[in-house]
Amino acid sequence: MLLATVIERGGVITRAEALRRFPRHVIDDAVRTRQLVVAHPGVYCLSGLVEDPVVRRRAALAYCPRGALSHLDALALWALPTTEDPRIHLTVPGEMRAFPSASLRVHRRRGFCPEPPSVVERDGMRVVRLEQAIVESWPLLSELDRRAPAIVAVRERRTTAQRLLEVLEGQRASGAREQRTLYSMLSVGNHSELEIWGHERVFSDPRLPKSVAQHRIEVGGRVMFLDRAFLAEMVAVELDGAAFHGSPRQRELDVRRDAIAARVGWLTVRYAHRRLHADPDGVVVELLDILARRRTQLAS
C-alpha cells in the first residue's frame, strides 16, 4: 500500500505525509530495504525512479515547499533548449535560509514570492515564468548555447523581446549587456542566428534600402512570415539555415512556399547559410541588382 501511494503521488512522498497514513515501521522497513530512497531530509522517492529528472524535481519541491523550479530546470519545463546539470535549481525568497544539499542549487532572490504571477504550474510543478527562466539561465549555459532559449521562445511566439527586456531591466543579471543586444535584435524581427547575422552584416548595409524582418502576409487564408521583405519592390529574402533547409523534403516545402508568396506578387530570393557567411558583400551587390530590376519591372 505504501509503494502504491508513492506511485500515485508521482514517485515522491514526504515522511510527514507517509506517517499520516502508515505506521512508522512500514516506512522505515521500505527505506531499510531500499524500496524507498531518501532524496532529501524527510523526502523519499521510489528507488527505481531516483535518477528520473521529473521525480528529482518533484522531490526538490517537496523538500522546499516555498521554492519554485528555476534556471535550467525551468527551461526544461518550458520545453526550451537547455543543458544537463546534476543539481536541481530552485529559487526561494531572499530571506529564507539556505537548504544544504549536494543535489540542489538554491537561488535566493529578494522580493520573490512562490505564487502567481511570479510562479506558474506546469506538469503539476511550480516553476518561474518563461521570461525569468531565460534571463537567469544565461550565465549557466555555454557561450554557444545561451542565446538559443530566447530565440526559440520568440520565434515560436511564446513570449516577446519586450517582455524579456522588462525582466532583464528589473533585476541584476549576469551578461546583461549581451542579453540586451540579443533581445533588441529579436525585437526587430530576427528569429534565428542566421537572421541576426544577416541583419548585422548584410541588411544594415547603407547601400541597401530599408527592409522589414518577419513581414506578415496572408494568402488564401494562410498566414506566412517573410524572413526579410523589401516592401516597395515586393522582394522577399529567405535565409536558409544549413541544418533545417538541407533535406529534399524541406526544399520541396520551400518551393511551395515561394509559389504561394508569388500568388500575391512577391518575388522570393533565397540565400543559404554558406553563401551568406562566405560572401556578404557579394550578397549586397546581388540584392541591389535584383531590387533595381524589380523596380523597373513594377514600373512598366
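Buried means under 20% relative accessible area and exposed over 50%, with partly exposed in between (1.4 Å probe, protein chains only). The model is predicted, so that local features need pLDDT of at least 70 and side-chain atom pairs count only at pLDDT 80 or more, while totals for chains, interfaces and linings use all residues. Residues are numbered from 1 along each chain as its sequence is written, and side-chain values use heavy atoms, with hydrogens and water left out.

**Exercise 1. Work out whether I217 is buried or exposed, and list what I217 is in contact with.**

Step 1. Locate the residue: I217 is found in strand β9, which covers residues 212-219; helices (H or I, at least four residues) and strands (E, at least two) are DSSP runs, numbered from the N terminus.

Step 2. Apply the cut-off: I217 has 7% relative accessibility and therefore counts as buried.

Step 3. Look for its surroundings, where contact means heavy atoms within 4.5 Å. Leaving aside neighbours within four places in sequence, I217 is in contact with R222, V223, M224, L226, A261 and W266.

Step 4. Compare sequence with space: I217 and V264 are 47 residues apart in sequence, and their C-alpha atoms are 8.9 Å apart.

**Exercise 2. Describe the place of A68 and the residues in contact with A68.**

Step 1. A68 belongs to strand β4, residues 68-69, and A68 is buried, with a relative accessible area of 0%.

Step 2. Once neighbours within four places in sequence are set aside, the contacts of A68 include L61, H89, L90, T91 and F112, and also V119, R126, V127 and V128.

Step 3. For a separation across the chain, take A68 and R222, which are 154 residues apart along the chain and whose C-alpha atoms are separated by 40 Å.

**Exercise 3. Find how many residues the largest nonpolar core has, and which of them have the most contacts inside it.**

Step 1. Fix the term: a nonpolar core is a set of buried Ala, Val, Leu, Ile, Met, Phe, Trp, Tyr and Cys residues joined through side-chain atoms within 4.5 Å.

Step 2. The largest such core has 49 residues, and those with the most contacts inside it are L69, L80, I134, L182, Y183 and L186. Apart from this core lies another, of 16 residues, among them L208, Y271, V283 and L291.

Step 3. Follow one member outward: not counting residues up to four places away in sequence, L182 touches W138, R147, A150, I151 and I196.

**Exercise 4. Identify what is unusual in the backbone at P117, R34 and Q214.**

Step 1. Recall the background: most residues other than glycine have a negative phi, and most peptide bonds are trans.

Step 2. P116 and P117 are joined by a cis peptide bond with omega of about 5°, and P117 is found in the loop between β6 (104-109) and β7 (119-122).

Step 3. R34, although not a glycine, has a positive phi of about 60°. R34 lies in the loop between α3 (24-32) and β2 (36-40) and is exposed, with a relative accessible area of 56%.

Step 4. Q214 also has a positive phi, near 50°, but Q214 lies in strand β9 and is buried, with a relative accessible area of 14%.

**Exercise 5. State what the secondary structure of the chain comes to, and what share of its residues count as buried.**

Step 1. The secondary structure comes to 13 helices and 12 strands.

Step 2. Of the 300 residues, 44% count as buried.
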